[in-house]
Structure formats: C-alpha cells, structure tokens
Amino acid sequence: MSKIATVNVIQLADNGNVSSVRAWPETPEGNEEAEKHFLRIIKEHTSETAYEAEELQAMLDEGVCDEPSVGTKLFLTHSE
C-alpha cells in the first residue's frame, strides 16, 4: 500500500475530541494553504490584534496553538 504525504491541520475541542481535520498535499502550495488555514482559525477565535506577528510565526514553527484565548487546540502536522 502506498502512503500519501500530506500536511494537516487538526483542531481539538475543549473536551479533547477532534473537531476538524483538514489535509493538503505535501507540496509548497499545500504547505502554504495549510498554514493559511491554521492562522485563519486562530484569527477567527481571537481579535485581529491578539497576537504579534512573531507569536503567530512561533506557533507556525512549532505547529501548535494551545492558547486559552483561542478556545481550541490546533496542530499543524506532516505525515507520510
């Protein structure tokens, strides 16, 4: 069986259950779309000015957003 390389955005609800999983191909374009989606979810749950650009970049670099103000946990993962 062949594996599919993807970049994923996984969203957990407050109770720890998976509330959303989105996947894109592991390509430069797929990575860009996944990162945009990751940031869009953060911005939908907070004010536009809640985080500095450096803080958002750190979340992208770590692939995790576990900030109480967002109200959800996000993970940006890569799979093969």
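A residue counts as buried when its relative accessible area is under 20%. In this predicted model, T72 has a relative accessibility of 7% and is therefore buried. The same cut-off applies to T6, which is buried because its relative accessible area is 13%.

**The sheet**

The model contains an open sheet of four strands in the order β2-β1-β4-β3, with antiparallel pairing. β2 and β3 stand at the edges with a single partner strand each, so each has one side without a neighbour in the sheet. Helix α1 packs on this sheet and touches β1, β2, β3 and β4. The direction of α1 makes about 15° with that of β1.

Strands of a sheet pair through backbone hydrogen bonds, in either a parallel or an antiparallel sense. Here, β1 (residues 6–12) and β2 (residues 18–25) run antiparallel and are joined by seven bridges. Within this pair, I10 has V21 of β2 as its bridge partner, and Q11 stands opposite S20 in β2. The two strands form a hairpin with five residues between them. In the turn, G16 has a positive phi of about 90°.

β1 also pairs with β4, again in the antiparallel sense and over seven bridges. N8 has T77 as its bridge partner in β4. Six of the seven residues of β1 are buried, and the strand is mostly covered.

**Two buried threonines**

T6 lies in strand β1. Leaving out residues up to four places away in sequence, T6 touches A23, W24, P25, E26, T77, H78 and S79. With S79, the T6 side chain also makes a polar contact, side chain to side chain.

T72 is placed in the loop between β3 (64–65) and β4 (73–79). With residues up to four places away again set aside, T72 touches Q11, L12, A13, D14, I41, C65 and E67. The T72 side chain has a polar contact with the side chain of Q11, and one of its polar atoms lies close to the backbone oxygen of L12, at 2.5 Å. The distances for both threonines are listed below.

| Threonine side chain | Partner | Distance |
|---|---|---|
| T6 | S79 side chain | 2.7 Å |
| T72 | Q11 side chain | 3.4 Å |
| T72 | L12 backbone oxygen | 2.5 Å |

**The nonpolar core**

In soluble globular proteins, nonpolar side chains tend to be buried together. The largest nonpolar core of this model has 16 residues. Those with the most contacts inside this core are V9, F38, I42, M59, C65 and L76. The elements that contribute two or more residues are β1, α1 (28–45), α2 (53–62) and β4. α1 gives the largest share, five residues.

C65 links this core to the loop described above: the residue is among those with the most contacts in the core, and T72 is one of its contacts. Apart from neighbours within four places in sequence, C65 is in contact with F38, I42, M59, V70, T72, K73 and L74. F38, I42 and M59 in that list are also among the residues with the most contacts inside the core.

Note on methods:
Residues numbered from 1 in each chain as written. Predicted model: local features only at pLDDT ≥ 70, side-chain atom pairs only at ≥ 80, totals over all residues. Heavy atoms only, no water. Buried < 20%, exposed > 50% of the residue type's maximum accessible area, 1.4 Å probe, protein only. Polar contact = N/O pair within 3.5 Å; in protein donor to acceptor, adjacent residues only side chain to side chain. Contact = heavy atoms within 4.5 Å. Pairing = 2+ DSSP bridges. Core = buried A, V, L, I, M, F, W, Y, C linked by side-chain atoms within 4.5 Å. Axes fitted to C-alpha atoms, helices over the stretch in contact; angles between N-to-C directions.
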